[in-house]
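Thanks for coming. I will walk through one structure, element by element, and then stop.

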Amino acid sequence: EMSEMSERSKQNAAHGLAWSYYIGYLKVVLPRMKKSMKEFSRANPNLPACRKTWKLHILVPLSCGVYDDLEKADSNIQYVTDLTETTLDRGGIKKRVYKHSLYAIRDKENQLWHCAVEYATPLQTLYAMSQDECAAFSREERLEQAKLFYRTLEEILKGSRECADAYRLIAYEEPEEAETHFLSREILWHLRQEHHEEIAVHEGSAPHSPSTALDSAELNLQISVSDLPQPLRTDGF
């Protein structure tokens, strides 16, 4: 009976996608993330090294709108290179390749911030389902599925020792009116927070916890208030 109820309400889609994303991808690549970033930093000593940013930054747009080319999404995001590939035999596929792209994010002062960043690709599935008559997701259902995906993934990763401190989820809802550099500003906000955390650790003080950080409950309440896009932060950045 519970399975039938879940099937009718379509609650199983995002939950299953989150677990599949973790088991089939993140659990494989995240434990190797810091090593890849360390190797890149050693090979490129001219680039500033902030160890707190040596993680995979995962974009979670609640609209499920995913760009295949980040440089086209925001001109302040520039592709630099690919990190060291991970090659594994997986599911009958010999030497399956996993890799991440490193980007330079340009801020208002033309300073470059380097990080590995990519979208949570299962959101493409949710978007495609909302466009397919067989799945018949409405816009509201897609938004709820995106929130459920984020909350589920957040809880899974919090409980994963292998992935600890190797990722940062960047959940956001795009503004109603298009902003040229909205995405780069979102990423930069997180990079700056990580940079401040590193400074705090080096100085021996407690890492700064931004007042704008949202847990799952706050995310759910804030987005459910209105059908219109709402910012996930209130810092006005």
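Let me start at a small detail: T86 stands opposite Y98 in strand 4. Strand 4 covers residues 93-98, and four bridges join it to strand 3, residues 86-90, with the two running antiparallel. Together strand 3 and strand 4 make a hairpin that leaves two residues between them. In that turn sits G91, whose phi is positive, at about 55°.

Before going further, please note that this is a predicted model.

Now the overall picture. The chain has 237 residues, and 43% of them count as buried. Its secondary structure comes to eight helices and seven strands. Taking the contacts in the chain with a separation of 6 or more, 67% are between residues 24 or more positions apart.

Next, the sheet. Five strands form an open sheet, in the order 2-5-6-1-7, and the pairing is mixed. Strand 2, residues 77-82, and strand 7 are the edge strands, each pairing on one side only. On average, neighbouring strands in this sheet are turned by 40° against each other, if direction is ignored. As general background, strands of a sheet pair through backbone hydrogen bonds, and they do this either parallel or antiparallel.

Both senses can be pointed out on the screen. At one edge, strand 2 pairs with strand 5, residues 101-106, in the antiparallel sense over five bridges. Within that pair, T81 has L102 in strand 5 as its bridge partner. At the other edge, strand 1 and strand 7 run parallel and are joined by six bridges. There, L56 stands opposite Y167 in strand 7.

Let me stay with strand 7. How many of its six residues are buried? Six of the six are, so strand 7 is largely enclosed by the rest of the structure, although it is an edge strand of the sheet. In a regular strand, side chains alternate between the two faces of the sheet. In strand 7, Y167, L169 and A171 point one way, while R168, I170 and Y172 point the other way, and all are buried.

One residue there deserves a second look: R168, which is placed in strand 7. Is R168 buried or exposed? The cut-off for buried is under 20% relative accessible area, and R168 has 15% relative accessibility, so it counts as buried. Setting aside neighbours within four places in sequence, R168 is in contact with K55, L56, H57 and I58, and also with W189, H190, Q193, E194 and E197.

On to the nonpolar cores. In soluble globular proteins, nonpolar side chains tend to be buried together. The largest nonpolar core here has 40 residues, and Y21, L26, L30, I58, F149, L153 and L157 touch the most other members. The elements giving two or more residues to this core are helix 2 (12-29), helix 3 (33-43), strand 1 (56-61), helix 5 (122-131), helix 6 (139-158) and strand 7 (167-172). Helix 2 gives the largest share, 10 residues.

F149 shows who meets whom. Not counting residues up to four places away in sequence, F149 touches A14, L17, A18 and Y21, as well as A120, P122, L123 and L126. Apart from this core lies another one, of 17 residues, including L59, C115, F182 and L191.

Two of the helices that feed the largest core, helix 2 and helix 5, also have a crossing to describe. Their axes, those of helix 2 and helix 5, come within 10 Å and cross at roughly 155°. That makes helix 2 roughly antiparallel to helix 5. The crossing of helix 2 and helix 5 is right-handed. In this crossing pair, A13, L17 and Y21 in helix 2 meet P122, T125, L126 and M129 in helix 5.

Last, two residues in loops. Most residues other than glycine have a negative phi. C64 has a positive phi, near 65°, and is not a glycine. C64 lies in the loop between strand 1 and helix 4 (70-73). N110 also has a positive phi near 65° without being a glycine, and it is found in the loop between strand 5 and strand 6 (112-119).

Which of these is buried or exposed? C64 is buried, with a relative accessible area of 2%, whereas N110 is exposed, at 53%.

That is the tour. I will take questions now.

Conventions. Residues numbered from 1 in each chain as written. Predicted model: local features only at pLDDT ≥ 70, side-chain atom pairs only at ≥ 80, totals over all residues. Heavy atoms only, no water. Core = buried A, V, L, I, M, F, W, Y, C linked by side-chain atoms within 4.5 Å. Buried < 20%, exposed > 50% of the residue type's maximum accessible area, 1.4 Å probe, protein only. Contact = heavy atoms within 4.5 Å. Pairing = 2+ DSSP bridges. Axes fitted to C-alpha atoms, helices over the stretch in contact; angles between N-to-C directions. Parallel < 35°, antiparallel > 145°, perpendicular 65-115°, else oblique. Left-handed = near helix turned anticlockwise from the far one by under 90°.
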